[in-house]
Amino acid sequence: MPIRVKSRAPQGVQHTESLRTPSPRHKFGFVAELPDITEEDTFREVVKKLSIYIADTVQLPSTFEQLRTTAAGDGLRALVDHLGRTCTHPAIVNALLALKWHYGTSVEDKGLMDARANACEIVAWRFLTHLSEREAVDYCLYEIPDPKDNEQHTPTDEEEGEVDEHSALLAQALHSSVGSSRRTPQSASTKRNLLLSSISRLTMSMTADDQDGEGDEEDPTANFTNLNALEIAAIADAKRFLSQNVVQKIITGIWEGSIIFWKDLSVHSEKKPQFYNPNTADPFSRLRVPKYLKSFEVLFFITFLFLYYGVLLERDPTRITPLEIFLYIWFAAFALDELSEWIDAGSIFYATDIWNVFDMAMIAIGAIYVVLRIVGLETHNKDLVDLSFNVLALEALFMVPRVFSILSLSPYWGTLIPCLKEMGKDFIKFMVLVVVIYFGFLTTFSLLGRDHLSLYQMVMSLTKIFFGSSFVGFELMEKMDTFLGPPLMIIFITLSSILLTGSLTGMLSNSFSRVITHAREEYLYVYSVYVLEASTSNRLTHFYPPFNLLAVLIFRPLRLFLPSDNKFRAARILLLKATHLPIVAVIEFYEWLTINSSKGTQYSGFRGPRQAIIGSPHPSAAKKFAQYRLSNNSLRAENNSLGQLRPPTITAISEGAIANRRAQQQQADEAVEGRAFGQHDSEVETRIADLTAKIDRLTELVLMLQTQSSTTLGNVGVA
């Protein structure tokens, strides 16, 4: 039988275990100070308060699932409950997603920063679960205002802007650095660096009492103005946030036109998210619905493709034919529309859609074709004319897939496109290694076979070997050198056919598996970007191509000597209605056929109070509703705490009372909502008072039943 020996510290020797460095562990018992966010706080202050709490709470690397399901996310749950009870700041979701972007792109301590990024995303979508669906619409579509812009601006037109051709170059430069992210075209990398540096400067200090930078001349968050939460989520790759049901319901509502941003087309119209009411909305506002925008975009591309094939089949080398003139018009309209979209959406958000890369390639190829074609005809150079048609033939590589880009809205194609995108990135990275090895062998083989093979022949032979034609190498190895040729060629064939090809295949398989594992999130991300890109325009009048060329030709020259006043905008609106009347008629007929039975209830699928906290038509009603939601949250918290002490004998009674109380709360919400939509104030206040009294009586009844049952159970226990 083995003898068990228990070691004991010798007498007189102190115990040194306490001197050892403790192992790293999560501070599950640590409770950071919850941020106090008020409606008067600026976006800058909200971001800073949240960053301090996130930095204090998440101090060790954790995965998304750990933060979501384990004790590592206790601090996040406390923050969500706190925000759900006390916070009514409209930019809270914007701030959380901006912080997610900042932490996710940080290169220092990548594991910790990824954990904080995941924490921000978790808090953002969990906060939305504390709201009704209609409240979530307001928070997700709230655009960060410019704190320096206190004046009421009229809506911008397609040819208008704060910086135009008459502005000084210095003013344009300043505007590009601190102005709206939608109004001035910038490169994607420049804009991305501006946004990231803004948040980095704000979160550089993690102490609540630090006021450094408060007096800076430039607000670090100025570059986030005019961006809503969904747009920030798209450029921050917050795919889990975008895949949440409540967020997808909002995006689908935007796609189908249940949620609109422009109620009518008038001189004083303002962009504001609202639910579509066919009885009061202008029919021409349906031109801004993404579903119809993309449908007519596909129709435009189909026409574009027919003109393209017609010109290539006609191929007149001596003159420009009428069909070719129409192709030039379509090219110009397409380029102008893409430029307007780039300015409206911002360079970063524009670059998130892979199809825009195809658009830029189409514009570049079309411009090269037009230049070569005109120069060739003017100089009577047949070679240039032939070269121009050869360049035009390259257009099909991008135009044909672009016509079928609508397929990315289906789950299958919407998942396959991100897979191909990630596999393409990994392939390009891997080819760097292949090129290095290839040039090494090419140099050696070219020198060995310089007497028998030219450089071009050697390049083509090694390329064939790399793509699987190994027999070519065995035929060439004796010609290069009888002694060194065979072993070197065998090494190259083995390296390229087995090692490199196998490694590339395995790496691409891993890339595909990595993306397909999150297939739903990837598809919904592509779908969300597709929808948001079509709805981010701040322009009052948006002309469909090729009608946008007509607007430029008429109004652009007039701007040189006429002021851009209300009459100017009214003329643009009149031209839009005159040119797009047939399109609106088709849309109205389609809606009459498909959704006539549900007219007036397009937004009925969004549960909760209809009146908006953000941009409410009646600010007093919005404030009163915010206070009412806070009181309801506090009562809900009290009921939850009482529910933990609730005796089993009265569970059904108390749950039924709470269910009735929730129904009364819903009616109260609708009463407050009615005030926002024009009901009489005294009638609404009377209904609210009656419902509040009923809620109080129900609460007292529940408490009385709980007290009586507790007393009865106590007497039984004593007996």
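## Helix α6, wrapped up

A residue counts as buried here when its relative accessible area is under 20%. Keep that cut-off in mind for what follows; the model is a predicted one.

Helix α6 covers residues 133-140, and eight of its eight residues are buried, so the helix is largely enclosed by the rest of the structure. The list holds charged names alongside nonpolar ones: Glu133, Arg134, Glu135, Ala136, Val137, Asp138, Tyr139 and Cys140.

## Two nonpolar cores

What does the largest nonpolar core look like in terms of residues? It has 100 of them, and those with the most contacts inside it are Ile92, Val93, Leu97, Leu128, Leu230, Phe241 and Ile250. Helix α5, residues 110-129, gives the most to this core, with twelve residues. There's also a second, separate core of 23 residues, which includes Leu307, Tyr308, Phe331 and Val403.

## Cysteines

Two cysteines are worth a look. Cys87 has a relative accessibility of 0%, so it counts as buried. Cys120 also comes out at 0%, and therefore counts as buried too. As for cross-links, the structure holds zero disulfides.

## Helix α12 and Tyr292

Helix α12 runs over residues 290-314. With 25 residues, α12 reaches 36 Å from its first C-alpha to its last, close to the 36 Å expected at 1.5 Å a residue. Right after α12 comes Arg315, with a positive phi near 45 degrees.

Tyr292 sits in this helix. Is Tyr292 buried or exposed? Its relative accessible area is 6%, which is under the 20% cut-off, so Tyr292 is buried. Setting aside neighbours within four places in sequence, Tyr292 is in contact with Arg286, Tyr544, Ile587, Tyr590 and Glu591. With Glu591 there's a side-chain polar contact of 2.8 Å. Tyr292 and Ile583 are 291 residues apart along the chain, yet their C-alpha atoms are separated by 9.5 Å.

## The annotated transmembrane regions

An unreviewed UniProt entry lists "transmembrane region" for residues 296-313, 355-375, 387-409, 430-449, 455-476 and 488-508. How do two of those spans look in the model? Residues 296-313 are 100% helix and 0% strand, with end C-alpha atoms 26 Å apart. Residues 455-476 are 86% helix and 0% strand, and there the end C-alpha atoms lie 13 Å apart.

Key:
Residues are numbered from 1 along each chain as its sequence is written. This is a predicted model: local features need pLDDT of at least 70, side-chain atom pairs count only at pLDDT 80 or more; totals for chains, interfaces and linings use all residues. Side-chain values use heavy atoms; hydrogens and water are left out. Helices (H or I, at least four residues) and strands (E, at least two) are DSSP runs, numbered from the N terminus. Buried means under 20% relative accessible area, exposed over 50%, partly exposed in between (1.4 Å probe, protein chains only). Contact means heavy atoms within 4.5 Å. A polar contact is a pair of N or O atoms within 3.5 Å; within protein, one must be able to donate a hydrogen and the other to accept it, and residues adjacent in sequence count only if both atoms are side-chain atoms. UniProt positions are given in the numbering used here, feature names are shortened, and annotations may be inferred rather than shown by experiment. A disulfide is a pair of cysteine sulfur atoms within 2.5 Å. The expected span of a helix is 1.5 Å times one less than its number of residues. A nonpolar core is a set of buried Ala, Val, Leu, Ile, Met, Phe, Trp, Tyr and Cys residues joined through side-chain atoms within 4.5 Å.
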